Amino acid sequence: AERLFDGYDLDGALVLAERGIGCGAGGAVLGSLRALCARILFWRSQLDRACALATEAVALLPVGHVSALLAICILIAGASQRRDVPELLRLAARITDADPDAPALGAYAESGGLLSILLAYCGRREEAQALLARIESCVEKKVASGAPGEAAVARARGWTLYARGRLTLLFTPDVWAALDAGRRAAAAFEELADLRCLVLARSLEVACLFALGQTAQAASVLRDALVLADGLDEAVPGSEIAAAGALGLSEQPGLRPGSDEARQAAALSARLIEAPHSTGQQRGAGYCAAAWLALAARDLPSAERAARAAVTEHADWPLHLLTSRVVLITVLHRQGEHAQAAAEAEAALRALGAQGCDGVLAARLQLAAADALQAAGQGARAQSLRAGAARRLEQLQRLCLAGLARDVGGREAAVVAQLGARVFGARDDVAVPLDRDLRRNEPQAGDEVRHSGAVRHTRGLPVQDDGQHGRREGTTNVGRVCRT
């Protein structure tokens, strides 16, 4: 049954596991069989039935047993869907107290990594960070001892990297570090030929690439991951990659209605909203994407309905709710409902401060709130928010350049330009000063520099060659003139 599960034959695995239970198995064998049945139902998004079997399995197994830890993963998912934070914290304590044996190291990292991500989405940042640090430390000690096998080590590293990448993307501006973690997690899962977890890691990679404005590369990774997910025909990995793709495609500045990107985003959005086993987070992502698509088509009534549906679905998920509020504030502002937009903006800014969220989402929220507050007559407050967004972008650019220097080199200016476009779109009201440390591609005396003297565009960013210096000095208006 385990071999069939690893070979993605869920029907065959379930038949054999249930046959084993029917043969009168008991003790740890029965616990392992029930845990396997629970995992099969989980990947098919039949969470209630999966949790019932997982509860029985955990009661039959020692806490450090590989099947017990995998069953705990199911209980974690169930508690998160019930918004049962006390239960999540109880499970966190149970995992922290566990001393996994060598074969269980991968399952230990999977349960702890998954729980840290869900605690973060529930607004428990400190507990999430502490749990993940404990898991990472335990994994490194076990690996240093030489006891775990290669497969256990690869799985453990894959899950700790995936969880670290998710938390980095949520709470810090270092999108490049999150991307690197996602890619390394994907490499670990690929080494194991674990396509389920590979699709999850690719969803993080897609989210990071879209956040960096690397639209073409994100679309390529998304396309390959969707093929993998559709081949698996399992609900969980398919929904995760669909959510990353729907949001990334629909949030692009300058998205054209009817374009290939808009059609793909609409299809992924509908898939998330209409799937019978979609979670609230996934439906909320679908409604967010639908709202951005309606905004691009200037269908404001449809955009407001979708945005409010997203807020409803994400009501108990603080970080997801910030994403929904960005689009709702934008819709209300465009409709001229300035008092409502300003009230939503103030509520979202308070939540942003409480959650400690930073990076691209924070900058976009600050800009949406600034527009709403400006229209409501709070010009000074709006100016302060725009300045804060500009500082965030500068920090994002610095971290992006540092990542590029370690990774690919030579493409700094193009990627920084795309990052600015991703955050600010075609705005010309946000001045972002970039000092000499950022301008590492400055032409030097004796360099051969070719100029056309014309304005060209890179993903919506006009770039002005002045025919003499190759770029303008002073202050860059992101979205209008980007120095390259």
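A residue is called buried at under 20% relative accessible area, exposed at over 50% and partly exposed in between, computed with a 1.4 Å probe on protein chains only. The model is predicted, so local features need pLDDT of at least 70 and side-chain atom pairs pLDDT 80 or more, while totals for chains, interfaces and linings use all residues. Residues are numbered from 1 along each chain as its sequence is written, and side-chain values use heavy atoms, with hydrogens and water left out.

**Aromatic pairs**

Begin by selecting W159 and Y162, both of which are buried. They lie three residues apart, about one turn, in helix α9 (residues 150-171); helices are DSSP runs of H or I with at least four residues, numbered from the N terminus. Rings of Phe, Tyr and Trp (its six-membered ring) pair if their centres lie within 6.5 Å, and planes under 30 degrees apart count as stacked, over 60 as edge-to-face and the rest as tilted. Three aromatic pairs are counted by this rule. In one of them, the rings of F42 and W43 are edge-to-face because their planes stand at 75°, with centres 5.3 Å apart. W159 and Y162 are likewise an edge-to-face pair, at 5.6 Å centre to centre and 85° between the planes. Add F189 to the selection to see the aromatic cluster that it forms with W159 and Y162.

Return to F42 and W43. F42 is buried at 15% relative accessible area, and W43 is buried at 7%. Now show R196, whose charged end sits over the ring of W43, 5.8 Å from its centre. The charged end of R196 also sits over the ring of F5, at 4.1 Å from the centre. The criterion is NZ of Lys or CZ of Arg within 6 Å of the ring centre and within 35 degrees of the ring normal.

**Salt bridges**

A salt bridge is a side-chain nitrogen of Lys or Arg within 4 Å of a carboxyl oxygen of Asp or Glu. The structure holds 24 of them. Select R202 and E205, whose closest N and O atoms are 2.8 Å apart. These two residues are three apart in helix α11 (residues 195-211), which means a separation of about one helical turn. Both are buried. Extend the selection to R183 and E190, which join R202 and E205 in a network of salt bridges.

Next, select R83 and D316, a salt bridge at 3.4 Å between the closest N and O atoms. This pair links distant parts of the chain, 233 residues apart: R83 is in the loop between α5 (66-81) and α6 (85-97), and D316 in the loop between α16 (300-313) and α17. R83 is partly exposed at 33%, as is D316 at 47%.

**Helix α17 and A372**

Move on to α17 (residues 318-334). Its 17 residues should span 24 Å, and its end C-alpha atoms are 24 Å apart, which agrees; the expected span is 1.5 Å times one less than the number of residues. Of these 17 residues, 14 are buried. Just after α17, G336 takes a positive phi of about 80°.

Finally, select A372 in helix α19 (residues 360-375). A372 is buried, with a relative accessible area of 0%. Its C-alpha atom is 7.0 Å from that of I329, 43 residues away along the chain. Beyond neighbours within four places in sequence, A372 is in contact with I329, H333, H338, A341, A342 and A345, contact being heavy atoms within 4.5 Å.
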